[in-house]
Amino acid sequence: MAAPLKGGAGAAPGSRLVPGAPSPVPVRAVEGELARLREEATQAPDASAGPGALRACTLNLVVGARGGEGPADLASVVAEIMAEHPCRVLLLVEDPAGGAAPQATVAAVCHRPAAGGGLVCGEQVLLAASAEGRRAVAGAAVSLLVPDLPVALWWRAGSLEADERFARLAGLADRILLDSASLADGRPDFSAITGLVERYRDAALTDLQWGRLTPWRSLTAQFFDPPEMRPCLTRVAEVTVVFGPQPSGASQGLLYAGWLASRLGWQGAGAGRREADGEIRATLEREGGRVRLHLRPAAAGGTEGLVGVSLLAEGEPPARFRLDRAADGACVVSEVELGGRPPLSRTVCVEEPREGELIRQELRVTGRDRIFEEALRAAAALVPR
């Protein structure tokens with residue numbers, strides 16, 4: 001009998017993992033085992049107070065796990081996702097000790113909605129095989145997709161189309177979620193990701209680092225909300241972006257620069273060049289002038305992601321717009337200097353989204369993000385060759 005609902009560390013409140021059989025089962029037995037688990041969930045002591053357990057499935061979420069990752073490593077993230085998006089989760093794990101034939105381990109992930117009522121249960125299926133079984137694992141995942149529901153592919157495994165599992169599943173996906181900071185050895189491969197956008201045109205592809213940039217993009221746009229500030233956009237002559245440790249810092253810095261360039265119509269005059277200290281410099285063409293771009297790594301040991309941004313508008317009146325992460329790491333100081341006047345500043349506290357929250361946000365999006373795709377192409381053009 002299933003135990004009462006209890007949320008583990010980092011899990012969504014009220015979430016509960018109901019494990020299946022202690023031993024893996026053949027792929028052909030998965031559906032029957034999931035049905036048994038749903039019945040078992042209704043027998044939980046805290047399920048008797050409500051109308052039992054309800055199976056809910058709004059989509060298929062296929063997760064390509066990193067080497068060495070297993071269900072325990074992703075339990076809290078999966079629970080957080082399922083609290084908003086009950087679904088069938090297929091975890092693809094490479095097991096060096098396994099065979100070429102995939103084995104399945106199933107579980108139900110249940111929670112009680114805040115509004116009350118019975119348990120709502122999603123499904124989790126772990127598919128494990130050795131490296132020789134990648135093709136078979138991909139085939140098993142395809143056979144277990146719930147028909148007529150969207151397919152989201154969240155790829156954490158690092159390699160992309162060199163992995164047969166990704167190549168097979170990406171062609172079926174409606175959403176592809178990547179993290180550019182985990183796809184290469186310390187340097188984001190935006191050219192490869194841009195190629196995926198073009199190849200899988202029926203899928204909405206995004207980079208989780210783009211989601212982490214949302215507060216910085218929003219604060220930058222707010223500089224130019226007052227009508228008197230908007231002319232400064234046409235006079236921006238220098239942009240400096242300071243980013244934290246690799247690889248997430250470089251990914252966010254390049255995507256931020258790509259976003260500015262794509263929104264303001266700046267054209268690259270060639271790829272950026274990498275200096276001895278790791279700084280990336282580029283010159284971009286804008287109407288009536290040029291923009292000097294500096295992407296600069298911060299001192300070692302700093303906060304990951306963006307650390308600071310500065311936009312200098314030359315001409316009359318000169319203006320500088322700055323965003324700097326505060327010493328506590330949780331807030332950003334926004335400052336404007338215009339025409340020699342005293343600086344105007346404010347501090348905005350920014351909550352860094354958890355990985356599970358980022359996935360939840362992305363799963364709310366149903367179509368392609370054209371602004372992201374244009375920023376991605378611009379960022380790819382800036383990466384030093």
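**Exercise 1.** In which helix do Glu373 and Arg377 both lie, and how many residues apart are they?

*Solution.* Keep in mind that this is a predicted model. Start with the helix: Glu373 and Arg377 both sit in helix 10 (residues 370-382). They are four residues apart, about one turn of the helix. Next, look at the side chains: Glu373 forms a salt bridge with Arg377, with the closest N and O atoms 4.0 Å apart. Finally, check accessibility. Buried means under 20% relative accessible area, and Glu373, at 3%, counts as buried. Arg377 has 34%, so Arg377 is partly exposed.

**Exercise 2.** Work out how Glu33 and Arg36 are placed in helix 1 and what joins their side chains.

*Solution.* Both lie in helix 1 (residues 30-41), three residues apart, about one turn of the helix. Their side chains meet in a salt bridge of 2.6 Å, N to O. Now for accessibility: Glu33 counts as buried at 11%, while Arg36 counts as partly exposed at 38%.

**Exercise 3.** Describe the aromatic pair formed by Trp155 and Phe166.

*Solution.* The structure holds seven aromatic pairs. One of them joins Trp155 and Phe166: the centres are 5.4 Å apart and the planes are at 65 degrees. Planes over 60 degrees apart count as edge-to-face, so that's the label for Trp155 and Phe166. Then place the rings: Trp155 is in strand 7 (residues 151-155) and Phe166 in helix 4 (residues 164-170), 11 residues apart. Trp155 is buried at 0% relative accessibility, and Phe166 is buried with a relative accessible area of 0%. Last step: add Tyr200, which forms one aromatic cluster with Trp155 and Phe166.

How values were computed: Residues numbered from 1 in each chain as written. Predicted model: local features only at pLDDT ≥ 70, side-chain atom pairs only at ≥ 80, totals over all residues. Heavy atoms only, no water. Phe/Tyr/Trp six-rings, centres within 6.5 Å; stacked < 30°, edge-to-face > 60°. Helix = DSSP H or I, 4+ residues; strand = E, 2+ residues; numbered from the N terminus. Buried < 20%, exposed > 50% of the residue type's maximum accessible area, 1.4 Å probe, protein only.
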